[in-house]
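User: I would like to go through this chain with you, beginning with one helix and its surroundings. Could you take my questions as they come?

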Amino acid sequence: MATVIGPRRSSREDGPSDGADELELPELEDGHWMHRATEFAHTSFRSVARRLPHLVREAVTLAWATSRRDTLAAIGLNLAAGVMTTLGLLATTGVLRELFAGGPTPDRVRAALPSLVLAALAVTARGVLTVTAGWAQARLMPQINYEVELRLFEATTAVELAAFDDAGFAEEMDRVRDRGMAEAASIVDHTVNLITGVVGVLATAAAVTVIQPVLLPCLLLAAVPEAVTAVRMARRKYLAMLARITRRRRMWMLAHLMANRRTAVEVRAYQMRDFLLGEFRRVMAVETRAELRLVRAQSATRAFGMSAAGVAAFGMYAVLGGLLLTGVVALAAAATALLALQSARSSLGIAVFATNNLYEDALYYQDYRDFLERARGRIGVGEGRPAPGFDTIALDRVSLRYPDTDTPAVDEVSLTVRRGEVVALVGENGSGKTTLAKLIAGLYRPTGGTIHWDGVDLAELDPAQTAAQVAVMTQEYWKFPFTAGQNIRIGRHDRRADQAGPTMEDAARAAAAHDMIADLPFGYDTLLDREFKNGQDLSGGQWQRLVAARGLYRDARLLICDEPSAALDARAEHALFKHLRRRPDRAVVLITHRLANVRHADRIFVLDHGRLVQHGTHDELMAADGLYRELFELQASGYLAVAGTESGGSPTG
Ligand SMILES: Nc1ncnc2c1ncn2[C@@H]1O[C@H](COP(=O)(O)OP(=O)(O)OP(=O)(O)O)[C@@H](O)[C@H]1O
């Protein structure tokens with residue numbers, strides 16, 4: 001079926017496009033994650049059916065690995081229900097045969113009674129079995145979902161940081177989070193539905209064969225056009241949904257912007273209301289028109305389907321009539337055949353719909369599996385040598401080039417960080433300070449040069465053990481939606497009570513965060529997320545104090561402080577820097593643009609366009625004529641000018 005997807009193109013089945021969508025919504029391109037939908041749209045039902053055994057095996061394996069009991073129950077009970085369907089139809093023929101036989105009515109009813117009881121029992125048993133199978137099927141779904149989610153997050157939290165800079169990796173991750181992950185449960189669900197449908201059709205066919213084999217072709221005659229129509233209907237329904245999904249997503253995005261606490265400030269400050277409502281109306285108008293077109297096209301397909309089914313039914317009645325007239329088939333058997341047809345129709349519909357869905361969802365599930373495979377390949381394992389600590393971290397001509405960039409962010413930098421020292425990285429925006437700090441912390445592997453911890457190549461050390469030696473106070477911190485106390489303790493969440501290290505309160509005091517936390521409604525137990533009941537939010541500076549407290553609580557041998565005081569007031573900054581002074585058991589790498597804070601650093605490294613251009617103490621660098629002095633004097637001149645103006649402008653002189 002050569003149908004294309006997306007609002008920019010029109011589907012033949014959707015009816016003629018007026019072309020207005022393309023003019024009105026040119027920005028609505030299909031998302032990258034739509035590629036599977038497009039693939040599906042171009043696949044014939046025959047190809048879908050050919051891959052079916054493989055897909056069913058895949059789904060059953062997944063279900064089996066999650067819960068054997070529920071898998072057995074979901075499939076086994078459906079099979080048993082199929083047997084009951086056959087029995088029920090056979091018993092019904094028995095009932096009809098007795099009722100259509102000669103003799104007085106009370107005798108005929110009496111004779112039909114045993115078959116009637118059997119039919120009732122079979123129907124009841126089938127009902128119970130179907131419900132129980134449905135229960136097992138429903139039980140499987142959340143178990144599979146959790147298992148699959150867990151596997152994904154185990155992978156995404158283990159992959160090296162560099163993977164997230166790779167656009168392809170990040171895109172795939174979004175895609176599997178969006179769709180692939182959820183499809184695991186769906187493919188199992190569709191597989192069980194497919195089995196249910198097929199069992200239903202086979203059970204009916206078995207009953208019809210037992211009653212009168214010649215009726216089987218009749219059943220097929222009626223079922224074939226029914227199957228073709230069901231395929232068309234199912235695919236049409238599916239493609240209709242796909243064709244609209246990009247617009248729907250755009251509308252969800254706009255709806256989210258208009259009803260969201262986080263965007264409320266900017267929406268008001270920039271008076272974006274009319275703009276957003278206008279955008280929403282614009283997309284809504286196109287969407288409504290498309291929806292109406294689809295409804296019309298759906299109705300046409302339905303009408304065609306019903307006509308085809310009618311013709312097929314008429315054909316079957318004609319054949320049945322002929323068979324009755326010629327005495328090949330008894331009246332009771334013919335009546336049962338009609339009942340069987342009803343049952344086969346619904347089972348067939350279930351099977352066809354499940355097949356379509358199974359195929360498409362399996363494509364997304366394949367994305368998930370591919371991603372897991374790739375993610376496993378990006379987990380930094382190192383060579384597993386223990387990393388008990390370090391006295392020196394030595395970088396030798398270290399470079400890092402981010403993926404898809406032309407110039408290295410860090411370019412052949414050599415330096416040594418020693419335990420007991422405070423070193424500072426200084427330079428203009430984009431000069432590579434944060435990248436270099438991440439390299440020192442082992443968060444990135446260099447693309448050139450080497451990093452040695454006490455003479456051992458970092459690549460040979462156990463990554464978990466080296467990471468345990470490092471604390472990073474990053475300028476791009478995340479506001480974790482936990483309590484204030486948890487926000488500090490996650491810095492070393494696995495520290496046992498008998499292990500050394502600062503207490504939560506000590507760390508908070510050192511970062512000037514204790515009083516601020518104590519003033520919160522529930523102190524350290526205050527949830528820091530306004531989107532939950534009793535949740536609170538903090539100011540930018542208060543958050544930064546909390547982040548600093550977390551870094552100090554971690555109590556690591558290497559402390560990286562990337563702009564730790566950018567949002568702090570003068571008092572908090574003073575308090576924090578008191579605690580960032582040199583300590584014999586720790587090395588501090590400090591990045592800041594407030595150069596007054598680096599004056600006391602043991603060594604200052606000055607970066608320019610990724611290259612190390614100067615290093616030395618503050619006095620040495622001020623004595624030299626270079627970038628550091630230029631930056632320092634620029635900053636100092638601001639303060640001096642203010643001081644000069646104030647002293648010069650004072651009325652008292
Ligand atoms: N994840 C990334 N992917 C690609 N390029 C990046 C990435 N992070 C940083 N860069 C680029 O690397 C260069 C160095 O960035 P870096 O953040 O290390 O600079 P910085 O000196 O810390 O800057 P600032 O003072 O603004 O914090 C910049 O050109 C930046 O655009």
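**Helix α16 and its surroundings**

User: Which elements do the buried residues of α16 pack against?
Analyst: In this predicted model, the buried residues of α16 pack against two strands, β6 (470–473) and β7 (558–562), and against the helices α13 (484–489), α14 (504–510), α15 (514–518) and α17 (570–579).

User: How many of the residues of α16 are buried?
Analyst: The helix is mostly covered, with 12 of its 15 residues buried. Among them are Gln542 and Gln544, followed by the run from Arg545 through Leu546, Val547 and Ala548. Ala549, Arg550, Gly551, Leu552, Tyr553 and Arg554 are buried as well.

User: What span does α16 cover from end to end?
Analyst: Helix α16 comprises residues 540–554 and reaches 21 Å from its first C-alpha to its last, close to the 21 Å expected.

User: And what happens to the backbone just after α16?
Analyst: Asp555 follows, with a positive phi of about 50 degrees.

User: Changing topic: which residues does UniProt list for the ABC transporter domain?
Analyst: The unreviewed UniProt entry lists residues 393–634 under "domain: ABC transporter". In the model, that span is 29% helix and 24% strand, and its end C-alpha atoms lie 32 Å apart.

User: How many helices and strands are there in the chain?
Analyst: The chain has 19 helices and 10 strands. Of its 653 residues, 38% count as buried.

User: What share of the contacts comes from residues 24 or more positions apart?
Analyst: Such pairs account for 78% of the contacts in the chain with a separation of 6 or more.

Note on methods
Residues are numbered from 1 along each chain as its sequence is written. This is a predicted model: local features need pLDDT of at least 70, side-chain atom pairs count only at pLDDT 80 or more; totals for chains, interfaces and linings use all residues. UniProt positions are given in the numbering used here, feature names are shortened, and annotations may be inferred rather than shown by experiment. Helices (H or I, at least four residues) and strands (E, at least two) are DSSP runs, numbered from the N terminus. The expected span of a helix is 1.5 Å times one less than its number of residues. A residue is buried if 20 or more other C-beta atoms lie within 10 Å of its own, exposed if 12 or fewer, and partly exposed in between; C-beta atoms are placed from the backbone. Two residues are in contact if their C-beta atoms, placed from the backbone, lie within 7 Å.
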